[in-house]
Amino acid sequence: MNEKHCQGCGILLQDQNVLQEGYTTSLDNDLCQRCFRMRNYGEYQVVVKSNEEYLKILETVSKTNDLVVYVTDLLNLEKNIEEIRNMMSNKMILVLNKIDVLPKSVKETKLIQYLESKDIHFEDVIVISVNKNYNIDTLLKKIKYHQTSKNVYVVGHTNAGKSSLINQLIHNYSDNNQELTMSPLPSTTLNMVHIDINEHLTLIDTPGLVDVGSILNHVDEKMVKKISPKKEIKPRTYQLRKNQSLVIEDLVRIDYVEGEKNSFTLFISNDLRVKRFLNIIQHDDLKDKNKITYQVKYDEDLVISGLGFIKIVNKGVIDLYIDKDVESFMRKSLI
Ligand SMILES: Nc1nc2c(ncn2[C@@H]2O[C@H](COP(=O)(O)OP(=O)(O)OP(=O)(O)O)[C@@H](O)[C@H]2O)c(=O)[nH]1
Ligand SMILES: [Mg+2]
């Protein structure tokens, strides 16, 4: 049987069934047809991965004694960072990626403090931007310092930028010309891919853990692109009084139902349209969605998985209307 894997996403290559994963016209190719199309035509083909396979991969990694680099997306910091940390006994560096999309006023030290206050053990925490090639040198130094063998695993949720990070490291420090496939859609990487950076360092890309509750899994491709910020977010602040509401595209409705005059600052892609209504009875937009009521304490963020977050300054009560499959939660304000 063929043992050749796609160099872009790690899937086992096959030339027998065009409808199945890993199809390529000829086993002489290095890429599967899906990767080839994503790279050359920007045509995406969504693959639904089960988290079971992913958990198996993490188990395999956990059996090694190798260093793990855990990549997260700053705009979509998971509710349970502990989840991945606790699955593995390995030494781990936490990487907070995509700082370029947060406003410049956000201080790195504050982000690091925020995570350190959660009291989860990492060897190190670092803020980077793959897109801006920011802090990649420092990250490499940390990797070299903490690595326990040649192999270093890169793990994290889907879309965090794992493959992009490895490509950047190849580009900066290696003459290896392999390139991993990256895309704005979830579940791009399908299996482990080994990349030799140099004789002392092999990075291993892995498929991401799927956030079932991410809004990205519940909208079409066009909206995925709109939701994913490409540049620095310009925070939008709205002063709301009781009984006023905000509507983001046809995705989210927030009614401010109880409390003093309050400030809502949206950290979401600049491309998303926001409407403000001066009275909740004035409109019925999105009322058919699932309603969740939150009691907001002083200085908290409403996080909508995959979309971003809304900083709310004072206490009050809000009604959130959103697709029932999309996860949301409140946290102490990140910024
Ligand atoms: N703004 C910004 N976008 C980034 C950065 N790094 C990666 N991205 C984007 O994030 C999206 C996902 O990147 P990938 O590298 O495919 O993410 P992944 O973690 O490998 O995802 P899976 O393979 O699905 O698990 C792509 O659209 C990237 O361009 C960054 O530093 N800043
Ligand atoms: Mg990937």
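**Group meeting: one chain, two domains, one ligand**

Okay, let's start with overall size. The chain has 335 residues, and a compact globule of that length would have a radius of gyration near 20 Å; ours comes out at 21 Å, so the two agree. Keep in mind that this is a predicted model. If you'd rather think in boxes, the C-alpha atoms fill one of roughly 65 × 45 × 30 Å along the principal axes.

What's it built from? Seven helices and 16 strands. Buried residues make up 36% of the 335. And if you take the contacts with a separation of 6 or more, 68% of them are between residues 24 or more positions apart.

Now the domains. The assignment gives us domain 1, residues 46-211, and domain 2, residues 236-332. Their C-alpha centres lie 31 Å apart. How many residues does each domain put into the contact between them? Four from domain 1 and four from domain 2. On the domain 1 side, that's one nonpolar, one polar and two charged.

Right, on to ligand 1, probably what you want to look at on the screen. There are 23 residues around the ligand, and the ones that come nearest are G161, S163, S164, T189 and G208. Which helix gives the largest share of that shell? Helix α6, residues 162-173, with three residues. As for the chemistry of the shell around ligand 1, we have 13 polar residues, seven nonpolar and three charged.

So, to recap: two domains, a radius of gyration that agrees with a compact globule, and a ligand shell with 13 polar residues in it. That's me done, thanks.

Notes:
Residues are numbered from 1 along each chain as its sequence is written. Chains are lettered from A and ligands numbered from 1 in the order in which they are written. This is a predicted model: local features need pLDDT of at least 70, side-chain atom pairs count only at pLDDT 80 or more; totals for chains, interfaces and linings use all residues. Domain bounds come from an automatic or database domain assignment. Two residues are in contact if their C-beta atoms, placed from the backbone, lie within 7 Å. Ala, Val, Leu, Ile, Met, Phe, Trp, Tyr, Cys and Pro count as nonpolar, Asp, Glu, Lys and Arg as charged, and the others, Gly among them, as polar. Helices (H or I, at least four residues) and strands (E, at least two) are DSSP runs, numbered from the N terminus. The radius of gyration is taken over C-alpha atoms; the globule rule is 2.2 Å times the number of residues to the power 0.38. A residue is buried if 20 or more other C-beta atoms lie within 10 Å of its own, exposed if 12 or fewer, and partly exposed in between; C-beta atoms are placed from the backbone. A residue is near a molecule or strand if its C-beta atom, placed from the backbone, lies within 6 Å of it.
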